[in-house]
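Please look over the sequence and structure below before reading the briefing.

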Amino acid sequence: MTATRTFRVLPGFNLTLGYTLGYLSLLILIPLSAVFLKTFEMDWARFVEVVTAPQVVATYKLSFGASLLAAAINAVFGLMLAWALVRYSFPGKKIVDALVDLPFALPTAVAGIALTALYAKNGWLGQYLEEIGIKVAFTPLGVLVALVFIGLPFVVRTVQPILEDLDTELEEAAASLGAQRWQTFRHVIFPILLPALLTGFALAFARAVGEYGSVIFIAGNLPFVSEITPLMIITKLEQYDYQGATAIASVMLIFSFILLLIINGLQAWTAKRTGRDR
Amino acid sequence: MSQSNKLSAILRRSAFVLSFVLAGSAFAQTTLLNVSYDVSRELYKEINPAFVAAWKKQGGADITVNQSHGGSSKQAGSVIGGLEADVITMNQSPDIDILVERGGLVAANWRKQFPHDATPYTTTTVFLVRKGNPKSIKDWDDLIKPGYQVIVPNPKTSGNGRYTYIAAWGYALDKTGSEAGAKDFVTKLFANVPVLDGGGRGATTTFTQRDVGDVLVTFENEAILIAQELGSSKFDIVYPSLSIEAAAPVAIVQKVAAKRGTEKVAKAYLDFLYTPAGQEIIAKHDFRPRDPAVLKKHAAKYPNIRTFTVEQKLGGWAAVQKAHFADGALYDQIVARK
């Protein structure tokens, strides 16, 4: 046995590690395990019955489907927005930059009410959309709109710093070596941005899955049509069915955890492939 | 020995400091917390000062009444969770019964502690339609017609929605004479609901502000309030041929009141709701008072309507809960058939 001691810049590693883990448990692990403990009060058959009820399954589809779709939309448009904010200067840029953060700061209920007012059939946008046969408020589409709204800052704010650090020399080099614009983007810029973009995607997705406040106003909340999983949990709580609520919550947590794990793995993989291999 | 002395000294000192803090915040007054449902906010805002004045006149000590409002089930949940309510005032009995079941916070015989089964006022479920009643909606039968949009809050989460469901069920039960007929009727009705809001106020917003739906089915007091606030030029109230008597139950949260020594004042507070002064304030807020004299005085506001109670047609709240609103029960079957 050889005692290897790795050199560390800061002393007190054990102390800080202990502190970090302790803090993390207090803040995240203990509340989450309470969810699971409450769920264990019910037997397995009842648990399966609750979490696989058709009405509940329909909400998983909407919640996770709409969240993934919203995160994907945000990845595309968030990237474009970040690009515009970093690479171009235009009047009012500072204001636009600040606007991006607003969905963070706005109480979600306000966002929900504002979006509903906008997209209802007598709203500014809703009245024109209704004419061409598109209903947004009180449909699953409304859920998507709300989730896109609240998720946008996550992608912009994760991609922006990477873009800022990106040397334009790389692009110049690619151009001087004969790369087309698209090739430069595809082979030079995009691989560098991808890990950050995936982080932004994961954050936007996670936020969307848990979102309640803004969605509830615009969704219409019809069973099998526009009910989201968090609403199912609230409904159970309001009927004093705490175990049923935590059962659905734990299924949701497990789903989200697995999906985030996959996204994080993907991100680590792309980072390795594009960054550290060279 | 010295150890325990030190400890008791610390305890004494902190109790001393604590009493100062409490005294500072409340000026040594007794406080009473009334935990209530969502739309009773304005009512109790006016009841409270009137009660405080009456209480002092009777020779009572200074008192502050605090109120807390929210969705009724959530409020009851908070009380179960430890919110120290001295009295609870709700719009449906199950939200008080749960406090009997969980932790015995309320006495099991709470219905017998005050007149009229501890319900100082009632309201009923009525229709609010757009001005001039363009779709000529007269009764429950009109709500199940194809192409009609009905706005109702979610019966699973809202007392208001629950009463609507029960009213429709009772009407259909009379009309068709069978459970199957009632189920079919209510299924058709809920198939016409384009938006299910979590509570009564949300449904009001959807109908009045978002312009969704042909008819809003809601409590009479809410309908009168809408007509007043938004001008009667936009909406008309329609009374169906039969509806539900929605009685608002009140109770002392015995366990908390005993601990805080507020039993007497809590009882006086709820008693006050039954006095002519209290009933007058209740009528002012468009609820139907129990006192016949007060009701008569405001008769113009309350057209005669034939009503039934949950006990009369559906065998009480416990039975309704089990047969209709439990997981997989009738309500779930009704929405699943869509």
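The notes below cover a chain contact, a helix pair and a strand.

This is a predicted model, in which local features need pLDDT of at least 70, side-chain atom pairs count only at pLDDT 80 or more, and totals for chains, interfaces and linings use all residues. Residues are numbered from 1 along each chain as its sequence is written, while chains are lettered from A and ligands numbered from 1 in the order in which they are written.

**Chain contact**
- Chain B and chain A each give 19 residues to the contact (C-beta atoms, placed from the backbone, within 7 Å).
- On the chain B side, α3 (72-81) and α17 (330-336) each supply at least two residues (helices are DSSP runs of H or I, at least four residues, numbered from the N terminus).
- That side has seven nonpolar, six polar and six charged residues (Asp, Glu, Lys and Arg count as charged; Ala, Val, Leu, Ile, Met, Phe, Trp, Tyr, Cys and Pro as nonpolar; the others, Gly among them, as polar).

**Helix pair**
- The axes of α3(B) and α4(B) (residues 94-101) lie 9 Å apart at an angle of about 20°, so the two are roughly parallel (under 35 degrees).
- Ser72(B), Ser73(B), Ala76(B), Val79(B) and Ile80(B) of α3(B) meet Asp95(B), Ile98(B) and Leu99(B) of α4(B).
- Five nonpolar, two polar and one charged residue make up this helix contact.

**Strand β5(B)**
- Strand β5(B) (residues 150-153) is joined to β7(B) (residues 215-219) by two bridges, in parallel (pairing takes at least two DSSP bridges; strands are E runs of at least two residues).
- Val150(B) is opposite Val215(B) of β7(B).
- β5(B) also pairs with β6(B) (residues 196-197) in the parallel sense over two bridges, where Leu196(B) is the bridge partner of Val152(B).

Definitions and conventions. Contact = placed C-beta atoms within 7 Å. Axes fitted to C-alpha atoms, helices over the stretch in contact; angles between N-to-C directions. Parallel < 35°, antiparallel > 145°, perpendicular 65-115°, else oblique.
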